Each structure stands twice: as structure tokens, then as C-alpha cells.
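Work through these exercises with the sequence and the model side by side. Try each task before reading its solution.

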Amino acid sequence: MSLKIGDTAPDFSAQTTEGNISFYEWLGNNWAILYSHPGDYTPICTTELGRTAQLKDEFAKRNAKVLAISVDDLQSHQGWIKDINETAGTNVEFPIIADPDKKICQLYGMIHEKASASATVRSVYFIDPDKKIKATITYPASTGRNFSEILRVLDSLQLTSRFGVGTPVDWEYGQEVVIPAAMKNEDIPAKFPKGYREVKSYLRYTAQPDK
Ligand code: BEZ
């Protein structure tokens with residue numbers, strides 16, 4: 001199954017390092033970052049999970065819960081967490097799903113058979129409180145993800161959903177955002193009272209609305 005932007009993220013029950021969860025119930029009214037790992041006790045995943053734990057407050061600030069998954073079993077995850085905590089000087093306090101029968105990985109299309117028949121690639125699903133997939137990122141096993149980029153995408157998605165704006169190239173939180181091209185100039189002041197800057201009729205910037 002290949003999940004696309006706009007699809008509803010499938011619900012599932014899972015065994016995790018934080019106990020059994022039912023995904024929708026666990027998610028509640030939060031955003032979720034669901035991301036897959038090729039395997040336990042592998043170097044890149046160790047660094048990624050450590051970084052995620054270090055960013056706990058950043059995810060919490062954004063009402064985002066993090067859920068990792070790999071096809072290894074719970075006992076393996078529990079042992080590996082000790083290494084992650086030691087190497088990153090942190091505490092993994094988010095759940096890691098054990099999916100040894102690959103049910104959830106297959107449900108989400110995290111196994112790309114031409115890359116590996118048994119391990120997942122590095123997928124990230126950004127899921128909103130309505131359980132919709134708002135963005136996905138996929139890297140091969142050999143490329144670790146950039147968690148600053150994951151937070152940046154989350155900021156962009158949350159702004160888009162709240163204010164209907166877009167974020168331009170290399171945008172960072174606090175910078176100008178773009179006004180949808182379909183909006184007429186005369187409608188801008190009511191929606192974006194801080195004013196706007198027109199570069200082209202279809203390229204208009206305004207201050208980030210919540211700053
Ligand atoms: C890994 O940590 O998963 C990995 C390391 C080197 C090459 C490919 C994968």
C-alpha cells in the first residue's frame with residue numbers, strides 16, 4: 001500500500017516500548033510524526049533516535065507526538081534504548097513500535113522491496129489531528145534524516161492549516177510567508193492585516209501571521 005498526502009493514516013494496534021497502544025487513541029488531538037527505522041543496533045538509527053529524544057520539548061511545543069517503528073522485537077528495542085540514551089546523553093521517552101511480523105510497516109508502505117525485502121526504508125509521516133497524512137519524507141537506509149527539517153516542515157504544515165499561507169524556499173520559523181496566488185489583493189487586508197509585499201502579482205509576502 002502506498003500512502004499519499006491527503007490519505008487518512010490507517011489506525012492500528014501495536015506493542016511498543018511504552019506499552020500497547022491503539023494509534024488513534026494514543027494520538028488524541030495531537031499531530032504525529034510516525035517514522036520508520038531499518039533496524040535496531042544500527043549506527044544511523046541510533047543517532048536519529050537520540051536526536052529525537054533530545055528534541056522532546058520542541059515536539060511538545062508543537063503538540064506533536066513522536067512514534068518510531070522498526071521490524072525488530074520489543075526485547076531488542078528495550079536493550080537498544082540503553083545504547084541510544086548512553087550515546088546521545090538523553091532519555092528516549094517516546095514509543096518505539098515492535099513490528100516483527102511487519103504488519104504496520106506494510107500497512108504504511110515502509111518496506112520498499114527494491115531497497116530491501118525485509119527492512120524498512122527511512123519514512124516519515126506527518127499526521128494531523130484529523131488523522132490525515134499531510135506530508136511524507138522517504139530516505140534510503142544509508143541517509144540519516146535531518147530533524148531540524150522535520151521540525152521546519154511541521155511548522156510549515158501547522159501554519160498552512162491555521163492561516164492558509166504557504167512557506168517559500170528555505171523558509172524558517174518567524175520569516176515572511178507567501179499569500180496564496182488565488183487571493184485577490186483587495187481581500188488581503190482582512191486576512192493579513194500586517195500588510196504585504198508584492199514582488200509579482202502572484203508572489204506576495206506577508207509577515208508570519210502569529211508572530
Ligand atoms: C545504518 O545505520 O542503517 C546504515 C549504515 C551504513 C549504511 C547503511 C545503513
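The exercises below go from the whole chain to single residues, and the model is a predicted one.

**Exercise 1. The chain as a whole**

Task: Describe the protein chain by its secondary structure, extent, burial and domains.

Solution:
- Step 1. Count the elements. The protein chain has 7 helices and 10 strands.
- Step 2. Take the extent. The C-alpha trace spans about 60 × 35 × 30 Å along its principal axes.
- Step 3. Check burial. Of the 211 residues in the protein chain, 47% are buried.
- Step 4. Split the chain. The domain assignment gives domain 1 as 13-147 and domain 2 as 164-206.
- Step 5. Locate the two parts. The centres of domain 1 and domain 2, taken over C-alpha atoms, are 35 Å apart.

**Exercise 2. Strand 3 and its partners**

Task: Decide how strand 3 is enclosed, and find what stands opposite Tyr35 in strand 4 and in strand 6.

Solution:
- Step 1. Test each residue against the cut-off: buried means under 20% relative accessible area. In strand 3, 6 of the 6 residues are buried, so the strand is largely enclosed by the rest of the structure.
- Step 2. Sort the side chains. In a regular strand they alternate between the two faces of the sheet. Trp31, Ile33 and Tyr35 point one way from strand 3. Ala32, Leu34 and Ser36 point the other way. Both sets are buried.
- Step 3. Go to strand 4 (residues 64-70). It pairs with strand 3 in the parallel sense, over 6 bridges. Ala68 is the bridge partner of Tyr35 there.
- Step 4. Go to strand 6. It runs antiparallel to strand 3, and 4 bridges join the two. Here Val124 stands opposite Tyr35.

**Exercise 3. The sheet with strands 8, 9 and 10**

Task: Give the strand order of the open sheet and identify its edges.

Solution:
- Step 1. Read the order. This open sheet of 3 strands runs 8-10-9, with antiparallel pairing.
- Step 2. Find the edges. Strand 8 (177-178) and strand 9 (197-200) each pair on one side only, which makes them the edge strands.
- Step 3. Follow one pairing. Strand 8 and strand 10 (residues 203-206) run antiparallel and are joined by 2 bridges.
- Step 4. Pick a residue pair. Val177 stands opposite Thr206 in strand 10.

**Exercise 4. The ligand site**

Task: List the residues around the ligand, then give the polar atom pairs and the coverage.

Solution:
- Step 1. Name the shell. Thr42, Pro43, Ile44, Arg122, Ala141 and Ser142 surround the ligand.
- Step 2. Class the shell. It holds 3 nonpolar, 2 polar and 1 charged residues.
- Step 3. Check the backbone. A polar backbone atom of Ile44 is 2.9 Å from an oxygen atom of the ligand. For Pro43, a backbone N or O atom lies 3.3 Å from a ligand oxygen.
- Step 4. Check the side chains. A polar side-chain atom of Arg122 is 3.1 Å from an oxygen atom of the ligand.
- Step 5. Take the coverage. On its own the ligand has 270 Å² of accessible area, and the protein covers 61% of it.

**Exercise 5. Two positive phi angles**

Task: Place Tyr41 and Asp170, and say whether each is exposed or partly exposed.

Solution:
- Step 1. Take Tyr41. Its phi is near 55°, a positive value in a residue other than glycine. Tyr41 sits in the loop between strand 3 (31-36) and helix 2 (43-54).
- Step 2. Judge its exposure. The relative accessibility of Tyr41 is 46%, so it counts as partly exposed.
- Step 3. Take Asp170. It is not a glycine, yet its phi is positive, about 60°. Asp170 lies in the loop between helix 6 (147-163) and strand 8.
- Step 4. Judge its exposure. Asp170 has 63% relative accessibility and therefore counts as exposed.

**Exercise 6. Two buried residues**

Task: Place Asp128 and Ile97, and give one distance for each.

Solution:
- Step 1. Place Asp128. It lies in the loop between strand 6 (122-127) and strand 7 (133-139).
- Step 2. Check its burial. Asp128 has a relative accessible area of 8%, so it is buried.
- Step 3. Find its contact. A polar side-chain atom of Asp128 lies 2.9 Å from the backbone nitrogen of Asp130.
- Step 4. Place Ile97. It belongs to strand 5 (residues 96-98). Ile97 counts as buried because its relative accessibility is 0%.
- Step 5. Compare sequence and space. Ile97 and Ile21 are 76 residues apart along the chain, and their C-alpha atoms are separated by 9.1 Å.

Definitions and conventions: Residues numbered from 1 in each chain as written. Predicted model: local features only at pLDDT ≥ 70, side-chain atom pairs only at ≥ 80, totals over all residues. Heavy atoms only, no water. Pairing = 2+ DSSP bridges. Helix = DSSP H or I, 4+ residues; strand = E, 2+ residues; numbered from the N terminus. Near = heavy atom within 4 Å. Polar contact = N/O pair within 3.5 Å; in protein donor to acceptor, adjacent residues only side chain to side chain. Areas by Shrake-Rupley, 256 points an atom, 1.4 Å probe, with all protein chains shown as cover. Nonpolar A, V, L, I, M, F, W, Y, C, P; charged D, E, K, R; others polar. Domains from an automatic or database assignment. Buried < 20%, exposed > 50% of the residue type's maximum accessible area, 1.4 Å probe, protein only.
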